[in-house]
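Reader: I'm new to reading protein structures, and I'd like a close look at the sheet in this one. Could you walk me through how its strands fit together, and then show me what lies around it?

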Amino acid sequence: MKTSNNTIKLDQFLKLVGVAPTGGQAKLMIQGGEVKVNDTQETRRGRQLVSGDRVTVGEQTFEVELNDF
């Protein structure tokens, strides 16, 4: 789910951590204003996340950790 520059899209990340069961649900959550990245509301589902970013949905906060394979 990563690109070559070691990033992941916000909608993919939400699916990866189990917050959204599908990409469509992730899109609705993001466009509905339910998601914050680094304490700022984010409405772009294609937002590129990097290691160290914090994604908050409701009361849950996840830190992005991307490892090289």
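Author: Sure, let's get our bearings before zooming in. The protein chain has two helices and six strands. If you walk along from the N terminus, you meet them in the order β-α-α-β-β-β-β-β. Keep in mind that this is a predicted model.

Now for the sheet itself. It's an open sheet of four strands, lined up as S3-S2-S5-S6, and the pairing is antiparallel. Strand S3 (40-41) and S6 stand at the edges with a single partner strand each, so one side of each has no neighbour in the sheet. What holds such strands side by side? In general, strands of a sheet pair through backbone hydrogen bonds, and they can do this either parallel or antiparallel.

Let's start at the S6 end. Strand S5 covers residues 54-57 and strand S6 covers residues 60-63; the two run antiparallel and are joined by four bridges. You can trace the pairing on your screen: Arg54 has Glu63 of S6 as its bridge partner, and Val55 sits opposite Phe62 in S6. S5 and S6 make a hairpin, with two residues between them. Take a look at Gly58 in that turn, because its phi is positive, at about 65 degrees.

Now hop over to the other neighbour of S5 in the order, strand S2. S2 takes in residues 35-37, and three bridges join it to S5, again running antiparallel. Here Val35 has Val57 of S5 as its bridge partner, while Lys36 is matched with Thr56 in S5. As you follow any of these strands, a handy rule is that in a regular strand the side chains alternate between the two faces of the sheet.

Val35 also gives us a way out of the sheet and into a helix, since it is one of the residues in contact with Ile30. Ile30 belongs to helix H2, which spans residues 23-31. Is Ile30 buried or exposed? Ile30 has a relative accessible area of 0%, so it counts as buried. Setting aside neighbours within four places in sequence, its contacts also include Leu10, Asp11, Leu14, Thr43 and Arg44. Glu42 is another contact of Ile30; the two are 12 residues apart along the chain, with 6.7 Å between their C-alpha atoms.

Finally, let's zoom back out. Of the 69 residues in the protein chain, 32% are buried. The radius of gyration is 11 Å, which agrees with the value near 11 Å that a compact globule of 69 residues would have. Along the principal axes, the C-alpha atoms fill a box of roughly 35 × 25 × 20 Å. Looking at contacts between residues at least 6 apart in sequence, 41% join residues at least 24 apart. On the outside, the chain exposes about 4400 Å², with carbon and sulfur atoms supplying 44% of that area. As for charge, there are 9 positive and 9 negative ones, and their mean positions lie 8 Å apart.

How values were computed
Residues are numbered from 1 along each chain as its sequence is written. This is a predicted model: local features need pLDDT of at least 70, side-chain atom pairs count only at pLDDT 80 or more; totals for chains, interfaces and linings use all residues. Side-chain values use heavy atoms; hydrogens and water are left out. The radius of gyration is taken over C-alpha atoms; the globule rule is 2.2 Å times the number of residues to the power 0.38. Buried means under 20% relative accessible area, exposed over 50%, partly exposed in between (1.4 Å probe, protein chains only). Contact means heavy atoms within 4.5 Å. Accessible areas come from the Shrake-Rupley method with a 1.4 Å probe; for residues, only the protein chains shown count as cover. Lys and Arg count as positive and Asp and Glu as negative; His and the chain ends are not counted. The place of a charge is taken as NZ of Lys, CZ of Arg, CG of Asp or CD of Glu. Two strands pair if DSSP finds at least two bridges between them.
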